[in-house]
Amino acid sequence: MAVRIIRINDIIDEVLVHHPEADISLIQKAYVFSAQSHEGQTRLSGEPYLSHPLEVSYLIAQMGLDSVSVVCGLLHDTVEDTNTSLDDLDELFGEEVADIINGVTKISQISFDKKIDQQAEYIRKMILAMSHDIRVILVKLADRVHNMRTLGYMKPESQKRVARETLDIFAPLAGRLGMGRLKAELEDLAFYYLEPEIYQQIQDGLARKRGEREQYIKEITAMIQEKLASQGLKGEVKGRSKHYFGIYRKMQAQRISLDQVYDLIAFRIILQTLAECYETLGLIHSLWRPVPGRFKDYIGMPKTNQYRSLHTTVIGPYGERMEIQIRTQEMDKIAEEGIAAHWAYKERRQVQQDDNLRFSWLRQIIEWQKDLTNPQDFLNTVRMELYPEDVFVFTPKGEIKELPKGSTPVDFAYAIHSEVGHQCTGAKVNGRMVPLKHELQHGDIVEIITSPSHTPSRDWLQFVKTTRARGRIKQWLKTVERERSITLGREILEREMRKAGLNLGKLLKSGEDLQRVAREMSYVRIDDLLAGVGFGKVSANQVITRLLPKEEQAPVEAEVPSKTVAKATAADRGGIKVKGLDDILINLAHCCNPIPGDAIMGYITRGKGVTIHREECPVLARTESMRHLPAAWDGVAGGRHPVRIQVISVDKPGLLADISVALKQAEANVLKASIETTVDQKGLSWFTIEVTDTTHLAKVLSAIKRVKNVISVNRVMR
């Protein structure tokens, strides 16, 4: 069957429906130019290439966008796929058209693949293009919809790549812009290519019960209409099956089959006024019993994309769950068309207040992308913003704050202001003190308790949910750690230079020699060099050697490969990761003998790398906290590690031999042993043994405890 090609008259008719006074001459001019530019080009389907820009511009016209947007739909591929330049478009169609197409072209020119940095750059360009003119992404979304509708002509591997990109980026973007209908179509099309078998199963399952479903919709619709009429209310009632991908997500989330999905059909009641919405909600709840916890008032508390509606789930006439949405005509239009229902460009009008609310998330991402240089951090930020599961909480003054599900008082504090977050010492929720990691719920009233002397804790990173809070905490910790390492590096250098007859103060004042050394050691600034010394990445001796005259220089230790200065493997480093460092000498403390499985902490020694202690080590507790660095075993630690244990027993002949047998059976090698007897006839034995990890140690201790006449056995410090 031949595919119907959209004609230019179809597009013009659609534009005039939404904008009766529109000047269509620019659209006609763009059509002629696009036809000439793409002449001779064909799609993979064999159709003339012109069919694509016609379809895209028709979709844009259906969105109700302005003539400029429709023109951009007709011309969006001319710069990328023909000899047309942006200057040509600027001259023929104006700067506004050229700017939008420039944004669309930039997005198209970088590929989206599995590499994190490539994905981040793709999304970053898209976000920046959107911030310049939101019509860029609306044109791109229309382009993507038609490409997805015709994806069947591409190779299977290309189908999956484009479908994945659509599901990960474009469908969520459509949702964030409030374009529910477009989002659903993109999700279903992507789902078809990514999971064809599951898609077919759902389609077949729904097809088998289509007749029952249509009868059910007809029956429920009549019941609602009758109830509305009894109260003098006029409303349109619609019933529809949920889209395939939505059903699939419900099956995945609840781990159920299609037959177990009881709320496949959602009903929508569209009324005239806001008051009628709430009145109708009462009528529905009087007709059918509401399901507790399943009512959401998105009218009183709209979503960030300004979606507004009442949602309730009730037990229907046959004992089934039934979702009902209640909204006005205006709300319904916004729910379906989103930003396109609002964004009417008329002589570049000023963005209204509701648009400011709608784009607050976009402005936040733009702000964050300037600071988040790590591609993974940037992608996590965008994902959190594109997949929002929000809770609405209140300040004591009644101001609403929208936060992701699972957010804590710390997230709330940073949502108010960075300084409030930094100084947060406690929180009250609904008048009651709660832990800072307490999960906030809809409607909570949150009061933050602050202290000017308080600072963020690294532990907060374990439970905060918002990218704002996480980013501000990391930024503060990074600044403090750098300042700490610079101070420590200065202290170490000053002491060691004094021994070598050098004056750090004078060298810092002139700066020339230290700057030269910094460059030689691959640092940009002197402060970077000092931080390197403080972190233990560079020894004071390496710096001093380069400052002395050549005849006085000792061999530069950096030129001799060693664990101190070379990139250390996980095995070289004892299977330990130190926060923020991957090329530093690691030493295990002899005072507490940490082994894999122990909670550990690093201590920056003076020019000798990092020493790893057990967190409860009393020696560590007496050291300067500014030199502590979080550390952890990374799972690749091997070999055996020394541990000191104490055994208290009854003083009996042959007991040492029994303990030795137990140690051997537990595969613990004895390095050292000492024994003494107390005045009350108890035996005190100390053993230094080798074990692989805490699990092995527990096995050893258990074996010794089972020896007759052993009173206790414990791990001890030196």
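Start by selecting Asp66, which in this predicted model lies in the loop between α3 (51–62) and α4 (67–75). With a relative accessibility of 9%, Asp66 counts as buried, because buried means under 20% relative accessible area. Add Arg135 to the selection and display both side chains, since a polar contact of 2.9 Å joins those of Asp66 and Arg135.

Next, select residues 180–194 and 196–208, the helices α11 and α12, whose axes come within 5 Å and cross at roughly 120°. That angle makes α11 oblique to α12. To see the contact itself, show Asp188, Phe191, Tyr192, Tyr193 and Leu194 on the α11 side, which meet Pro196, Ile198, Tyr199 and Ile202 of α12. Sorted by class, this contact of α11 with α12 holds eight nonpolar residues, no polar ones and one charged residue.

A second helix pair can be reached by selecting α22 (residues 467–499) together with α25 (residues 526–535), which pack with their axes 6 Å apart at an angle of about 80°. The two helices, α22 and α25, are therefore roughly perpendicular to each other. From α22, the residues in the contact include Glu481, Arg482, Ile486 and Leu493, while those from α25 include Asp527, Asp528, Leu530 and Phe535. Here, in the contact of α22 with α25, the residues divide into eight nonpolar, three polar and five charged.

Now turn to the strands, and colour the open sheet of five in its order β12-β16-β14-β15-β13, where the pairing is mixed. The edges are taken by β12 (576–578) and β13 (586–588), each of which has a single partner strand, so one side of each is left without a neighbour in the sheet. Neighbouring strands of this sheet are turned against each other by 35° on average, direction ignored. Zoom in on β13 and on β15 (residues 610–614), which pair in the parallel sense over three bridges. Which residue of β15 is the bridge partner of Asn587? Selecting Thr611 shows the partner in question.

For the last stop, select residues 669–677 and 682–691, the strands β18 and β19, which pair in the antiparallel sense over eight bridges. Along this pair, Ser674 of β18 stands opposite Trp686 in β19. The two strands, β18 and β19, form a hairpin with four residues between them, and in the turn Gln681 has a positive phi of about 65°.

Methods:
Residues are numbered from 1 along each chain as its sequence is written. This is a predicted model: local features need pLDDT of at least 70, side-chain atom pairs count only at pLDDT 80 or more; totals for chains, interfaces and linings use all residues. Side-chain values use heavy atoms; hydrogens and water are left out. Two strands pair if DSSP finds at least two bridges between them. Axes are lines fitted to C-alpha atoms, for helices over the stretch in contact, and angles run from 0 to 180 degrees between N-to-C directions. Angles under 35 degrees count as roughly parallel, over 145 as roughly antiparallel, 65 to 115 as roughly perpendicular and the rest as oblique. Contact means heavy atoms within 4.5 Å. Ala, Val, Leu, Ile, Met, Phe, Trp, Tyr, Cys and Pro count as nonpolar, Asp, Glu, Lys and Arg as charged, and the others, Gly among them, as polar. Buried means under 20% relative accessible area, exposed over 50%, partly exposed in between (1.4 Å probe, protein chains only). A polar contact is a pair of N or O atoms within 3.5 Å; within protein, one must be able to donate a hydrogen and the other to accept it, and residues adjacent in sequence count only if both atoms are side-chain atoms.
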